[in-house]
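Welcome! Please take a moment to look over the sequence and the 3D view before reading on.

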Amino acid sequence: MTIMDVLYRIDEIKPNSYSQAEKIKWLSSLDGVIKSEIIDTHEGGEDIVFNGYNEDTDLSTKLLVGTPYDDIYLRWLEAQIDYANGEYGKYNNSIAMYNTVYSAFANHYNRTHMPIGKKFKFF
């Protein structure tokens, strides 16, 4: 899924008044967490480059999480919009849905990628 795909879909399913730049910032924050907490803790993580997104980033840029877990981006943006609107009941529901998809992706990644282990030194 690309940045443009997510921006288009979120505006279709949850009309909002937030700028494209703000939503891109939220996407960048999420992919930063995914890169740091999930990808970088596994072998091959160093091969995936992530420098963040901003309003100058090409909108055809692919996001880090692919199908079938790419709904993570919609759930994240829904939660951010609800929180920013002060709709905390909706936010609680949105963030619970986001957490479900995040956990599913993390579990899948953990099953399919070798974690980086620490070498133990025996005396």
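The report below moves from the overall chain to its core and then to its charged residues.

## The chain as a whole

This is a predicted model. The chain has four helices and zero strands, so reading along the sequence gives the pattern α-α-α-α. Taken along the principal axes, the C-alpha atoms fill a box of roughly 60 × 35 × 25 Å.

The chain has 123 residues, and 37% of them count as buried. Its accessible surface comes to about 7,600 Å², and carbon and sulfur atoms make up 52% of that area. Among contacts with a separation of 6 or more, 69% join residues that are 24 or more positions apart.

## The nonpolar core

Which residues of the largest nonpolar core touch the most other members? They are Val6, Leu27, Ile34, Ile72 and Tyr73, out of 31 residues in this core. Helix 1, helix 2, helix 3 and helix 4 (88-112) each supply at least two of the core residues.

Leu27 is a good place to start exploring. Not counting residues up to four places away in sequence, Leu27 touches Ile3, Val6, Leu7, Tyr53, Tyr73 and Leu77. Two of these partners, Val6 and Tyr73, are also named with Leu27 among the residues that touch the most other core members.

## Salt bridges that join charged side chains

Now for the charges. The chain carries 12 positive and 18 negative charges, and the mean positions of the two groups are 7 Å apart. The model has six salt bridges.

One of them pairs Asp11 with Lys23, with the closest N and O atoms 2.6 Å apart. Asp11 lies in helix 1 (residues 3-13) and Lys23 in helix 2 (residues 20-37), so this pair ties together parts that are twelve residues apart in sequence. The two partners can also be described by their exposure: Asp11 is partly exposed, with a relative accessible area of 34%, whereas Lys23 is buried at 3%.

Another salt bridge links Asp40 and Lys35, and here the closest N and O atoms are 2.4 Å apart. Asp40 is partly exposed, with a relative accessible area of 35%, while Lys35 is buried, with a value of 10%.

## A linked network

Some charged residues are connected as a group: Arg9, Asp71, Arg75 and Glu78 form a network of salt bridges. Within this network, the side chains of Arg75 and Glu78 meet at 2.9 Å, N to O.

How many residues apart are Arg75 and Glu78 in helix 3? They are three residues apart in this helix (residues 71-84), which means that about one helical turn separates them. Arg75 is buried, and Glu78 is buried too.

## A buried charge without a salt bridge

Asp70 makes an interesting last stop. Asp70 sits in the loop between helix 2 and helix 3. Is its side chain's residue buried or exposed? Asp70 is buried, yet has no salt bridge.

Why does Asp70 have no salt bridge? The nearest side chain of opposite charge, Arg9, is 5.4 Å away, and a salt bridge needs a nitrogen and a carboxyl oxygen within 4 Å, so this pair does not qualify. Arg9 does, however, take part in the network with Asp71, Arg75 and Glu78.

Leaving aside neighbours within four places in sequence, Asp70 is in contact with Met1 and Val65.

Terms used
Residues numbered from 1 in each chain as written. Predicted model: local features only at pLDDT ≥ 70, side-chain atom pairs only at ≥ 80, totals over all residues. Heavy atoms only, no water. Buried < 20%, exposed > 50% of the residue type's maximum accessible area, 1.4 Å probe, protein only. Contact = heavy atoms within 4.5 Å. Areas by Shrake-Rupley, 256 points an atom, 1.4 Å probe, with all protein chains shown as cover. Lys, Arg positive; Asp, Glu negative; His and termini not counted. Charge placed at Lys NZ, Arg CZ, Asp CG, Glu CD. Core = buried A, V, L, I, M, F, W, Y, C linked by side-chain atoms within 4.5 Å.
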